[in-house]
Structures are given as C-alpha cells and as structure tokens.
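Subject: The structure for you to look at

Hello,

Here is the structure I promised to hand over. Have a look around it first, and then read on for what was found in it.

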Amino acid sequence: MQVTETLNEGLKRGYAITVTADELDAKVNEKLAEAQPEIEMKGFRKGKVPMALLKKQFGQRLMGEAMQESIDGAMTTHFEESGDRPALQPEVKMTNEDWKEGDDIHVEMSYEKLPEIPEVDLSAITLEKLVVKAGDDEVDEALNNLAENAKDFEAREEGAAAEDGDQVVIDFVGKIGGEAFEGGSAEDYPLVLGSNSFIPGFEEQLVGVKAGEEKDVTVNFPEDYQAEHLAGEEAVFSCTVKEVKAPKAAEVDDELAKKYGAEDLDALKGQIRERLEAEYAGASRAVMKRALLDKLDEVVSFDLPPSLVDAEAKQIAHQLWHEDNPEVHDHNHGEIEPTDEHKKLAERRVRLGLLLAELGQKAEVEVSDAEMTQAVMNQARQYPGQERQFFEFVQQNPQMQQQLRAPIFEDKVVDHVFEQAEVSEKEVSKDDLQKAVEALDDE
C-alpha cells in the first residue's frame with residue numbers, strides 16, 4: 001500500500017492512496033479462511049469446502065468489503081502516524097472508476113487538519129467576580145410576593161358587588177335546550193373571577209353580582225371543547241350567588257412559612273436569601289465567563305480550518321435570519337449568505353471551541369453518565385407525556401447526544417479555567433449586576 005502526499009497548504013492536506021491487487025487478494029483470502037470452518041456446501045463436509053471453490057463462489061461478494069477495509073485501514077494508519085486530526089470527515093473518492101478485478105485501487109483523500117493549539121498560561125489570566133448580597137428589602141419583596149400567591153379570601157360587606165379578582169361561591173345548574181346536562185351542575189363552588197377557569201365569557205357575567213342574587217349566564221362552548229357533545233353548543237347556567245369574597249394577602253408570619261415548607265419565618269427568609277444569591281451567582285458566572293472568553297480570544301491565535309468557519313458562519317446566518325423572520329417555521333427558503341460580521345463571529349466561536357476542547361482534553365474533563373441523564377431529563381420535561389419517546393430518541397441519536405453533552409463539557413472546562421486563573425471578588429449592587437448582564441446581549 002502506498003500513500004503519497006499531493007497537497008500541503010496551510011491546514012489542507014491531500015493524499016493519493018494505492019491499494020495493490022495483491023493486497024486485495026490477500027484480504028479476500030483472509031476473509032475466506034476465517035469463514036471456511038463454518039461454511040457448508042453440497043458434496044462437502046462442514047469446513048472442508050476447498051478454498052478455490054469458496055473463492056469462486058464468494059470472492060466477488062467479499063471484494064467490496066476488502067476494498068473498504070483496506071482503504072479504511074490505510075486512513076487509520078495515516079492518521080496514527082501523522083498525528084493529524086481531521087476537522088471534518090475526510091473526502092475520499094476512487095479515481096480509477098473503470099476498475100476491474102486484478103487492478104490496483106487508486107484513491108484520493110483530502111481533508112483539513114485541526115491546528116496545533118498553543119499552550120495557554122491559565123494562571124496569568126485575571127478575572128473579576130461580581131458578588132451581590134441579597135438585601136433585606138429584596139427578601140421582604142419576595143416574602144410579600146409569596147404572601148400574595150398564598151392569598152385567602154374574606155367576605156365583603158353585605159350587599160357589596162363582586163369585582164374582578166373576587167371569589168364568588170355559587171350553586172349552578174347548566175342546561176342546553178332547557179335540559180340539564182351531565183357535569184354541568186355544582187354546589188358551593190368557589191370561583192375566582194378573572195381566573196379563566198370556566199368557559200370563556202362565564203366569569204365576566206358574574207362581575208357585579210351580590211350575595212343572595214340569582215343570575216342566568218349564557219355562554220357558548222368552544223368548537224374545540226374536549227367533550228364533543230358539548231362543543232359549539234349554547235348553554236344557560238342558572239347561578240345562585242351565596243357569598244362574595246375579596247382577596248386578602250396572607251400574613252407574613254410563621255404560618256406563611258409553614259405553607260411553603262419552612263419551619264418558621266426566619267427559616268423561610270434564609271431560604272429566600274439563599275435562592276436570591278444563587279440567582280445572582282448564576283448571573284455573575286455568565287458575566288465572568290464572557291470576560292474569560294474575551295481574554296482567551298485576545299491572547300490565543302492560530303490558523304482555523306476554513307470548512308469549520310464556513311459551516312459555523314452559515315449556521316449563524318441561518319439562525320439570525322429565522323430570529324428576524326419568526327413567521328417562517330420551516331427551512332423552505334433560499335440559501336442565507338453569511339455576512340462579514342457572521343464570518344467574524346464564526347471565527348471567534350471556532351477558535352474558542354477548539355481551544356476549550358484542547359484545554360478540556362488536557363485536563364481530562366469528562367461528562368459523566370449521571371450528568372448526561374440529568375440533561376436528558378431536563379430536556380424531556382419540555383415534552384410532557386412523551387418523556388419516554390424522547391429518551392429513546394436520544395439513545396438512538398448520537399448527534400442529539402453530542403448537542404446535550406457539548407454545553408456540559410464547555411461549562412466544566414470553564415470551571416476548570418476559573419480554578420487556575422486569578423479571580424478577585426468585587427461586591428456590587430443588584431442593579432450593577434443587572435447592567436453587566438444586559439451588556440452581554442448588547443455585544
């Protein structure tokens with residue numbers, strides 16, 4: 001087998017590979033020898049069929065496998081010996097298309113190799129971590145929101161009319177064509193006006209009613225109503241209003257804390273403070289990650305595989321086009337030509353992607369099975385009722401697995417770099433952190 005270099009230009013490489021007819025013949029004979037003990041043929045005992053007869057019977061069929069294995073073997077050997085890592089799948093084509101048995105095989109292989117990534121002194125990188133402490137005002141605001149969500153209702157003054165947001169306690173009987181229908185009646189039903197929990201148009205007609213009042217509410221069931229026999233039908237509900245209650249926020253006390261699973265109010269405040277500061281820490285990490293990537297992009301420079309940059313630029317252009325044209329949900333549109341700005345952003349992403357991959361490999365960063373399972377579970381929640389099908393889809397789709405694994409790997413590499421870099425903390429206000437986060441979207 002001969003491998004001859006035909007192109008060496010930047011990261012581009014080309015090779016001519018020749019697999020001789022003798023090598024192919026030897027490969028076919030090797031396959032036949034492996035299979036011979038299990039082959040049965042009329043007139044011969046199992047494993048005793050002559051090699052010449054086997055070759056006549058199966059040689060042609062095995063030639064294709066032998067050719068593919070020989071070419072794959074030559075490529076594997078080349079990459080092992082050269083140390084090259086192709087940026088994308090190498091392009092391989094047979095040049096003597098008029099090949100016939102007994103001829104050598106001539107193949108051309110071309111690819112772009114991944115560049116050599118320069119060493120980076122991570123300890124020389126300086127970063128600033130923004131720290132925000134949750135103030136008492138923010139904790140109190142969160143407590144008041146919890147109290148609002150845990151609101152109760154108390155009776156309005158006698159004769160008071162129901163307002164939007166009030167709770168009315170009603171008995172009702174629903175009829176279609178004068179006949180009561182199954183499931184259309186209830187007693188002492190607490191209905192919050194404006195909650196949209198009843199048929200459209202029902203709650204609005206009860207605004208202004210008073211305790212002790214009777215009112216007929218006429219509505220039309222939606223055409224797509226789940227009960228087909230009611231869909232599109234007009235119904236009249238005879239309602240008796242028993243109580244009209246106004247919303248009242250829960251008291252901020254130990255009882256409120258217990259409603260949310262805390263032992264007492266102080267414990268609930270502690271939980272809120274921790275949650276707020278965890279949110280701030282997440283935002284702060286995003287700001288520091290951007291700062292890190294900016295610094296790495298400044299200090300590291302190397303040649304980039306054009307094919308990777310082109311592919312990334314096209315993907316960026318395509319994604320941004322869809323963001324500007326949200327009404328288009330398919331991909332039946334013309335090709336989106338990347339701009340210079342898209343290409344510049346693609347170069348940054350490819351450069352940083354290759355650098356982080358190299359840093360992760362050297363640091364032996366790995367994504368565990370448990371981390372992958374958690375990522376799949378998080379994604380599966382977006383498809384309620386179809387979680388099992390989503391799990392099976394991921395198991396059978398290596399590309400989807402890579403899409404889920406890549407951001408986990410990147411975050412673990414970034415955390416590794418944070419540990420090596422010199423990080424100083426700076427305490428700032430919530431507003432300052434918010435401005436820093438908003439600045440990320442402006443860049």
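Let's begin with one residue on the outside. Lysine 100 counts as exposed, because its relative accessibility is 52% and the cut-off for exposed is over 50%. Please keep in mind that this is a predicted model, so every value in this email is computed from it.

**Salt bridges**

Side chains of opposite charge can pair when their charged atoms come close. How many salt bridges does the structure hold? There are 23 salt bridges, and here are some to look up.

Lysine 100 is in one of them: its partner is aspartate 103, with 3.4 Å between the closest N and O atoms. Aspartate 103 is partly exposed, at a relative accessible area of 24%.

Next, try aspartate 136 and arginine 273, whose side chains meet in a salt bridge at 3.2 Å from N to O. Why is this pair worth finding on the screen? Aspartate 136 sits in helix α3 and arginine 273 in helix α5, so the salt bridge ties together parts that are 137 residues apart in sequence. Aspartate 136 is exposed, with a relative accessible area of 52%, while arginine 273 is partly exposed at 28%.

Another pair is aspartate 294 with arginine 348, where the closest N and O atoms are 2.8 Å apart. Aspartate 294 belongs to helix α5 and arginine 348 to helix α7 (residues 340–362), so this pair joins parts 54 residues apart in sequence. With a relative accessible area of 23%, aspartate 294 is partly exposed.

**A charged residue without a salt bridge**

Now go to glutamate 138, which lies in helix α3 (residues 136–149). Is glutamate 138 buried or exposed? Glutamate 138 is buried, yet it has no salt bridge. The nearest side chain of opposite charge belongs to lysine 430, 4.5 Å away; a salt bridge needs the nitrogen within 4 Å of the carboxyl oxygen, so this pair does not count as one. Beyond the neighbours within four places in sequence, glutamate 138 is in contact with Lys133, Leu276, Tyr280 and Lys430.

**How some helices pack**

Two packed helices are described by the angle between their axes and the distance between the axes. Take helix α5 (residues 265–299) and helix α10 (residues 398–420): they pack at about 80 degrees, and their axes are 11 Å apart. That angle makes α5 and α10 roughly perpendicular to each other. On the α5 side the contact is made by Arg285, Met288, Lys289 and Leu292, and on the α10 side by Glu410, Asp411, Val414, Asp415, Val417 and Phe418. By class, these residues are 5 nonpolar, no polar and 5 charged. Arg285, Lys289, Glu410, Asp411 and Asp415 are also linked in a network of salt bridges.

Helix α10 has a second contact to look at, with helix α9 (residues 387–395). The axes of α9 and α10 come within 6 Å and cross at roughly 100 degrees, so α9 and α10 are roughly perpendicular to each other as well. Here Phe390, Phe393, Val394 and Gln395 of α9 meet Met400, Gln401 and Leu404 of α10. This contact has 5 nonpolar, 2 polar and no charged residues.

**Two backbone angles to check**

Most residues other than glycine have a negative phi. Asparagine 196 is not a glycine, but its phi is positive, at about 55 degrees. You will find asparagine 196 in the loop between β8 (179–192) and β9 (214–220), where it is exposed with a relative accessible area of 64%.

Glutamate 364 also has a positive phi of about 55 degrees without being a glycine. Its place is the loop between α7 and α8 (369–380), and glutamate 364 is exposed, with a relative accessible area of 67%.

**One histidine to finish**

Histidine 78 is in helix α2 (residues 51–82). Its relative accessible area is 10%, so histidine 78 is buried. Which residues does histidine 78 touch, not counting those up to four places away in sequence? They are Tyr15, Gly83, Asp84, Met109 and Tyr111. You can also try a distance: the C-alpha atoms of histidine 78 and alanine 66 are separated by 18 Å, and the two residues are 12 apart along the chain.

Enjoy exploring!

Best wishes

Technical notes. Residues numbered from 1 in each chain as written. Predicted model: local features only at pLDDT ≥ 70, side-chain atom pairs only at ≥ 80, totals over all residues. Heavy atoms only, no water. Helix = DSSP H or I, 4+ residues; strand = E, 2+ residues; numbered from the N terminus. Buried < 20%, exposed > 50% of the residue type's maximum accessible area, 1.4 Å probe, protein only. Lys, Arg positive; Asp, Glu negative; His and termini not counted. Contact = heavy atoms within 4.5 Å. Axes fitted to C-alpha atoms, helices over the stretch in contact; angles between N-to-C directions. Parallel < 35°, antiparallel > 145°, perpendicular 65-115°, else oblique. Nonpolar A, V, L, I, M, F, W, Y, C, P; charged D, E, K, R; others polar.
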